[in-house]
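Please open the model in your viewer and keep the selection tool at hand. The tour goes from one selection to the next, with a short account of what is found at each stop.

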Amino acid sequence: MEEIKDIRQDFYVNMGPQHPSTHGVLRIVLRLEGERVVSSETVLGYAHRGVEKMAESKTYVQMMPVMDRFDYVSSMLYEWAYVGAMERALGIVPPERAEFIRVIMGELNRMASHFVWVGAFLLDLGAFTPFLWVFDAREKIMDMFEEVTGQRMTNNYFKIGGVHDDITPEFLKMLDDYLKMIYQRMADVEELIESIVFLERVKDLGFISKEEVQSYGLTGPVARGSGVMIDTRKTEPYSVYDRLNFEIPLGTKGDCYDRYRVRMKEIIQSAKIVEQALGMLPEGPYAEKAPKVVKLPEGEYYFAVESARGLLGVYLLSDGSTKPYRFKLRVPSFANLSIIDKLLPGNKISDVVAILGSIDIVVPEIDR
Amino acid sequence: MEFASLLNTFLGRVILSVAGVMIVFTFNALIAVWLERKISGHIQLRLGPMEVGPHGLLQSAADGLKLICKEIITPQGVDKKLFGLAPYMVFFPSLLMFVVIPFSDKLQVQDLNIGLLYFFSISCIATIGIFMAGWASNNKYSLMGAVRSIAQSIAYEIPIILSILNIVIITQSLKLSEIVKAQSNIWFIVPQFIPFIIYLISAIAELNRTPFDIPEAESELVAGFHTEYSGMRFAVFFMAEYTNMFLVSAMATTLFLGGWNGPILPPVVWFFIKTYAIVFIIIWVRWTFPRLRPDQLMNFCWKFLTPLALVNLLVTTFILKIL
Amino acid sequence: MKASYFEKVGIGIKTVVKGMAKSLTYFFKKPVTLQYPHVRKKIAERYRGSIRLKIDPETGKFKCIACTNCEKICPAFAITLKTETPEGSKKKELKEFYVDLGRCIYCGLCVDSCPVDAIEHSNVYEVAERIKDNLILRLDKIGEKNV
């Protein structure tokens, strides 16, 4: 950034890496003119762990638990992308039941992720209560995960050829109760959130045009909030999504409010997908037999899923050994964050947290 | 000297008043913080503090003890004198404001004939303390919080004064005991409901509480003007906030809810019931809404509250003239 | 489409009242939290707590055959085995089995990789310690913590 000549007018503020609302260790250098942002610069790398390099020294199976640790709020969608890439390489088709279990788990995880987002977004705007209301709803999802996968967040549940364990009757009962209460809770949360204060804060703020969505490579609810229909579940259906009937909510204007609306509607849609998948859940084995030592045949493999934040792609380059030659992730948060420096200038410092919150980033995923 | 005669001497009155104010102050610091945590807890499907004392009643005392035990940290580069003085500049006005609060027909430190004016002028001093804290901290977040605080309290003084002017016009007095006596038949909240709402909103803004907590704004300015404060100095800010909350509620009770008036129960009890009802509303509002942006805050004050208060004042005077 | 001034005031009053009413209804709802040290949640059967070695009920000895599969597969290098081959026998035997809970990520790969089902997850989740060394557990000694 350029030097400040006249110190009486402009000054720099370091937002982060330790700041309550940068969602982790993200640093944004803001150049302010009073309350107004003149320009901004985003600094990444505080949570960089070199995972892509690390993958080259770990076997394919050993990387499985690491996949949970990029985006810790929707970890099973990451597992799905990784497992999908390996299955594509090995030519294994998971059984029907496994696919439906994956859909149920993935959509529940998407809901959990959006709940965290709604809570954190409102926390950024200064309201604390919605945070705990949605965290109660998320907590019940976590309980279900614990029942089936054995862990609450870093599940390590998917495996090549299916899933690790079958779902239990206890889980089905919990899920039934959950689906009964979730619509009411969502209506309550919406009623609480959408007060005039909230509407004033987020409406007409942080516009992203359709062209910008294309040029910045934005995906997920950020792109859909601008009315661009990008959803891997529809555009390039994987698993059994082509047999499920669901809508992709789209925004119209592309402001923070539209992105919020899209996510709130997606929670409802995900709940509906779970309901459908439950009804279609076939009997049968929950996993195909997988090789004991995983060796991918030589070649390049790519598999993309729709994570809670957008298009998530796993790229594997194999030289035929037990370890990938190159492991690359296409993470949605990183691409989505790239537009932030364009959105911030001209807005107030209070809007910085609102815009940053509406983009929904997870820092370990960005830095990897 | 006998107790009754002690009351009649000047020194005796001073000592008793100071003791009384300190008791109310301590009691409130314990109760208001506990109430806040309990109410917020229950709204958020939690229980709030449960461990220290029955239902966590002594939690505030334990927290206070912890804060007293902490080291007083003065960060590098701060203006030491201002930095040390600022918390007390915020704190002492709130003690001074107790002087005119009529807890009952007899329990009042001094029944000034300009009581109302005294209360609201003293309350403005706290803003200077907040600005001192932000200025002295040598921290950009603190400074921004301080500047916001100044802008906010200048703006919201106006609707507050305009709303209470109605009461003054009706009662023809600035003396708080007379305002209370004028409400023995009907509380002013009934004819003056809109000023009551304006007063409540502006009072929340003066208190720097959500949805108007822009000087603190923890998600934007980390902690605003008290970012650099810790230990007992922070506790002084904290206690001042809750004391102020009690005071504006007490003033709302006095002006709009009939003060100590009430059947059966003794007047003091009525006073505290009404005051804590207002405290409950203030806490309830805080845990319902997000925070406004500073410019929206100003818009809300200048474009909505102030015109409304003015129109209301006009209507009140007009009606009084006709009657 | 910008709402007019009075429209906005109307929306404001409506939404504020609605929000306040909603939070008041939740004020009277039953809390969902548990008072943790006094009340504990039921832990799921599959919960992956700290690992432990299984004992063969017939022989009363550990099932472990010291193949070191778990040591090899552990992504966090939390497991350390010391084996010995007694004289006159070709089979390795387990001498010491350590798990460092400070490193363990509770992923369950060791349990999956075990060929004789000799290792399992317990439901123990309260594993905090004041001293880091206490987190290194020796699992093949009965009487030690978590065994």
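A salt bridge, as the term is used here, is a side-chain nitrogen of Lys or Arg within 4 Å of a carboxyl oxygen of Asp or Glu. By that rule the structure, which is a predicted model, holds 41 salt bridges over all chains. Side chains of opposite charge can pair when their charged atoms come close.

**Stop 1: charged pairs in chain A**

Begin by selecting A:Arg326 and A:Glu52, which form a salt bridge whose closest N and O atoms are 3.4 Å apart. This pair links distant parts of the chain, since A:Arg326 belongs to strand β8 (residues 324-330) and A:Glu52 to helix α1 (residues 51-54), 274 residues apart. A:Arg326 counts as partly exposed, at 31% relative accessibility, whereas A:Glu52 is buried, with a relative accessible area of 14%.

Next select A:Glu107 and A:Arg233, another salt bridge, in which the closest N and O atoms are 3.3 Å apart. Because A:Glu107 lies in helix α4 of chain A and A:Arg233 in helix α10 (residues 232-235) of chain A, the pair ties together parts that are 126 residues apart in sequence. Are these two residues buried or exposed? A:Glu107 is buried, with a relative accessible area of 0%, and A:Arg233 is also buried, at 4% relative accessibility. If you extend the selection to A:Arg110, A:Arg224, A:Asp231, A:Glu266 and A:Glu306, you will have the network of salt bridges in which A:Glu107 and A:Arg233 are linked with them.

**Stop 2: helix α11 of chain A**

Now select residues 256-280 of chain A, which make up helix α11, a run of 25 residues that reaches 36 Å from its first C-alpha to its last, close to the 36 Å expected at 1.5 Å a residue. Of these 25 residues 18 are buried, so the helix is largely enclosed by the rest of the structure.

Within this helix, pick A:Arg261, whose side chain meets that of A:Glu194 in a salt bridge (2.7 Å, N to O). As A:Glu194 lies in the loop between α6 (169-193) and α7 (196-202) of chain A, the pair ties together parts that are 67 residues apart in sequence. A:Glu194 is buried, with a relative accessible area of 17%, and A:Arg261 counts as buried at 17% as well.

**Stop 3: the nonpolar cores**

Which residues have the most contacts inside the largest nonpolar core? In this core of 124 residues they are A:Tyr82, A:Met105, A:Leu108, A:Phe115, A:Phe198 and A:Leu316. Helix α4 (residues 96-125) of chain A gives the most to the core, with 14 residues. Apart from it lies another core, of 88 residues, which includes B:Phe120, B:Ile189, B:Tyr242 and B:Val248.

Then centre the view on A:Phe198, which touches, among others, A:Phe121, A:Leu122, A:Tyr257 and, from chain B, B:Pro290.

**Stop 4: chain B**

Select helix α9 of chain B (residues 231-256), whose 26 residues should span 38 Å at 1.5 Å a residue, and whose end C-alpha atoms are 37 Å apart, which agrees. This helix is mostly covered, with 22 of its 26 residues buried, and it is followed by B:Gly258, whose phi is positive, near 80°.

Finish at the surface by selecting B:Val311, B:Leu314, B:Val315, B:Ile319, B:Leu320 and B:Leu323, which make a nonpolar surface patch of about 600 Å². B:Leu323 is found in the segment after α11 (294-322) of chain B, and this residue is exposed, with a relative accessible area of 80%.

Notes
Residues numbered from 1 in each chain as written. Chains lettered and ligands numbered in written order. Predicted model: local features only at pLDDT ≥ 70, side-chain atom pairs only at ≥ 80, totals over all residues. Heavy atoms only, no water. Patch = residues over 30% accessible without salt bridge, like charges linked within 9 Å, V, L, I, M, F, W, Y side chains within 5 Å. Areas by Shrake-Rupley, 256 points an atom, 1.4 Å probe, with all protein chains shown as cover. Helix = DSSP H or I, 4+ residues; strand = E, 2+ residues; numbered from the N terminus. Buried < 20%, exposed > 50% of the residue type's maximum accessible area, 1.4 Å probe, protein only. Expected span 1.5 Å × (residues − 1). Core = buried A, V, L, I, M, F, W, Y, C linked by side-chain atoms within 4.5 Å. Contact = heavy atoms within 4.5 Å. Lists of a residue's contacts leave out its neighbours within four places in sequence.
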